[in-house]
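Subject: Handing over a structure, with notes

Dear colleague,

I am passing on the structure below, and after it I set out what was found, so that you can follow along with the sequence and the coordinates open.

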Amino acid sequence: MGMDHVQRDIQPIQKENIMKINFALIIVLAGITTALTMVVRIPIPATEGYLNLGDMAVVFCGLLIGSRWGLLAGAIGSATADLIGGFFIFIPITFFAKGLEAYISGTL
Amino acid sequence: MNNPLSIRRILETTPALPKLLILFVLSVLIFFVMEPVSVLIAIPIVVLSTKIIVKKRFLTFVLFAWSIGTILGLIVGIPWIYSGLPLTPHKTINAIIDRWMYVIALPARFLDTVCVGIIFINTTSPLQLINWKVIGPYAVLLLRIVQYGQLEFETTITTMTIQHRWPEPIEWRRIRWSSIPQLFLHGLVVRLRNASALVGINFRNAILWFLPWGWIMFKEIFNQSKRRT
């Protein structure tokens with residue numbers, strides 16, 4: 001009697017929802033990557049760029065969810081950080097480079 | 001033809017004043033942004049952000065104020081160009097044509113920063129993006145998790161400072177100059193040792209936040225947007 005209503009409320013995950021969960025998880029990891037890239041920002045005057053914890057977050061993405069999904073998470077996260085920070089010109093380069101970084105860290 | 005994000009559709013569905021302003025902004029961006037690559041990237045971003053701007057009266061007011069500010073800035077700036085005084089403390093600009101370019105491109109660059117920084121994070125509520133059918137809920141989730149991640153990061157750093165796993169912020173007035181290298185090295189070592197833990201804790205907290213509760217709410221948002229359409 002006790003746990004019946006709980007079991008009725010918890011429905012098994014449907015097949016069509018699994019892809020949604022995957023994509024949403026990628027977005028969550030990408031968002032955390034963006035936040036970590038944006039919060040700690042040490043400017044480097046020589047290159048006019050900035051140093052951050054984002055690379056570590058990108059490597060974590062690759063290690064956590066594998067190379068293919070990690071590629072998407074790292075690339076989207078870093079590109080969003082560039083978009084919000086106003087570094088327009090670097091968005092495509094960042095997307096490619098950070099995606100590759102996450103892919104390599106996932107395959108290792 | 002019926003693409004909701006096309007420029008023609010945006011211009012047809014907006015009132016007259018924002019329409020003029022949007023055209024002005026687009027033309028300024030196209031003509032005065034110097035790098036061709038950044039023009040290619042900037043145009044779709046501006047089109048997308050105007051799609052968001054025109055929904056809010058406050059933001060049309062901001063754009064209106066920006067255009068008045070641009071005109072006033074030019075009125076002040078033109079004598080300034082020929083006076084020979086420094087335009088910016090960061091760089092010396094001597095040639096007249098360079099000074100003209102700097103003054104004219106300044107409002108465009110300002111709007112550029114405002115569009116991206118303010119519209120996407122602070123002024124616009126992420127819930128406005130829900131109506132974009134497939135991308136909408138994901139965009140809302142992304143913006144929400146960025147906000148959550150920043151808060152979470154600050155909380156984690158405070159906690160780790162209390163646990164002596166992260167260096168305390170240096171009070172510059174109280175320390176001796178001779179102890180700066182030691183403090184710097186100590187801080188560097190502690191940061192290097194614990195940075196991976198900091199990043200890992202953030203990821204763990206985000207996944208814990210998302211998987212039971214975030215997913216339920218996300219699914220609810222998905223269903224709501226389906227019902228509306």
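A good place to begin is the core: in this predicted model, the largest nonpolar core holds 42 residues, of which A:Ile27, A:Val28, A:Leu29, A:Ile32, A:Ala73 and B:Ile145 touch the most other members. At least two residues of this core come from each of helices H2 (15-39), H3 (54-65), H4 (67-85) and H5 (91-107) of chain A, and likewise from each of H6 and H7 (180-228) of chain B. The largest share, 11 residues, is supplied by H2(A). For one core residue, A:Ala73, the neighbours can be listed in full: setting aside residues up to four places away in sequence, A:Ala73 touches A:Ile26, A:Leu29, A:Ala30, A:Thr33, A:Cys61, A:Ile65 and A:Ala102.

The two chains, in outline

Chain A contains five helices and two strands, and read from the N terminus its elements follow the order α-α-β-β-α-α-α. Of its 108 residues, 43% are buried, and among its contacts between residues at least 6 apart in sequence, 63% join residues at least 24 apart. Chain B, by contrast, has seven helices and zero strands; 17% of its 229 residues count as buried, and among its contacts between residues at least 6 apart in sequence, 60% join residues at least 24 apart.

Helix H3 of chain A

The 12 residues of H3(A) should span 16 Å at 1.5 Å a residue, and the end C-alpha atoms of the helix lie 17 Å apart, which agrees. Its buried residues are A:Gly54, A:Ala57, A:Val58, A:Val59, A:Phe60, A:Cys61, A:Gly62 and A:Ile65, and the helix is followed by A:Gly66, which has a positive phi near 85°.

Within this helix, A:Ala57 deserves a separate look. It has 29 C-beta neighbours inside 10 Å and therefore counts as buried, since 20 or more are needed for that. Apart from neighbours within four places in sequence, A:Ala57 is in contact with A:Ile32, A:Thr33, A:Leu36, A:Thr37 and A:Gly77, and also with B:Val199 of the other chain. A:Ala57 and A:Gly74 are 17 residues apart in sequence, while their C-alpha atoms are 7.7 Å apart in space.

How the helices pack

Two packed helices are described by the angle between their axes and by the distance between those axes, and three pairs can be set out in that way.

H2(A) and H3(A) pack at an angle of about 160° with their axes 8 Å apart, and because angles over 145 degrees count as such, the two are roughly antiparallel to each other. The crossing is right-handed, and the contact is made by A:Leu25, A:Leu29, A:Ile32, A:Thr33, A:Leu36 and A:Thr37 of H2(A) together with A:Gly54, A:Ala57, A:Val58, A:Cys61, A:Leu64 and A:Ile65 of H3(A).

For H3(A) and H5(A), the axes come within 7 Å and cross at roughly 45°, so these helices are oblique to each other. H3(A) passes H5(A) in a right-handed crossing, in which A:Asp55, A:Val58, A:Val59, A:Cys61, A:Gly62 and A:Leu63 of H3(A) meet residues of H5(A) including A:Lys98, A:Glu101, A:Ala102 and A:Tyr103.

The third pair joins the two chains: the axes of H2(A) and H6(B) come within 8 Å and cross at roughly 45°, which makes H2(A) oblique to H6(B). This crossing too is right-handed. Among the residues that make the contact are A:Ile27, A:Val28, A:Gly31 and A:Ile32 of H2(A), and B:Tyr138, B:Leu142, B:Ile145 and B:Phe153 of H6(B).

Helix H6 of chain B

H6(B) covers residues 135-162, and its 28 residues should span 40 Å at 1.5 Å a residue; the end C-alpha atoms are 41 Å apart, which agrees. Its buried residues include B:Tyr138, B:Leu141, B:Leu142, B:Ile145, B:Val146, B:Gly149 and B:Phe153. Just after the helix, B:His164 takes a positive phi of about 60°.

With best wishes

Key. Residues are numbered from 1 along each chain as its sequence is written. Chains are lettered from A and ligands numbered from 1 in the order in which they are written. This is a predicted model: local features need pLDDT of at least 70, side-chain atom pairs count only at pLDDT 80 or more; totals for chains, interfaces and linings use all residues. Helices (H or I, at least four residues) and strands (E, at least two) are DSSP runs, numbered from the N terminus. The expected span of a helix is 1.5 Å times one less than its number of residues. A residue is buried if 20 or more other C-beta atoms lie within 10 Å of its own, exposed if 12 or fewer, and partly exposed in between; C-beta atoms are placed from the backbone. Two residues are in contact if their C-beta atoms, placed from the backbone, lie within 7 Å. A nonpolar core is a set of buried Ala, Val, Leu, Ile, Met, Phe, Trp, Tyr and Cys residues joined through C-beta atoms within 7 Å. Axes are lines fitted to C-alpha atoms, for helices over the stretch in contact, and angles run from 0 to 180 degrees between N-to-C directions. Angles under 35 degrees count as roughly parallel, over 145 as roughly antiparallel, 65 to 115 as roughly perpendicular and the rest as oblique. A crossing is left-handed if the near helix is turned anticlockwise from the far one by less than a right angle, and right-handed if clockwise.
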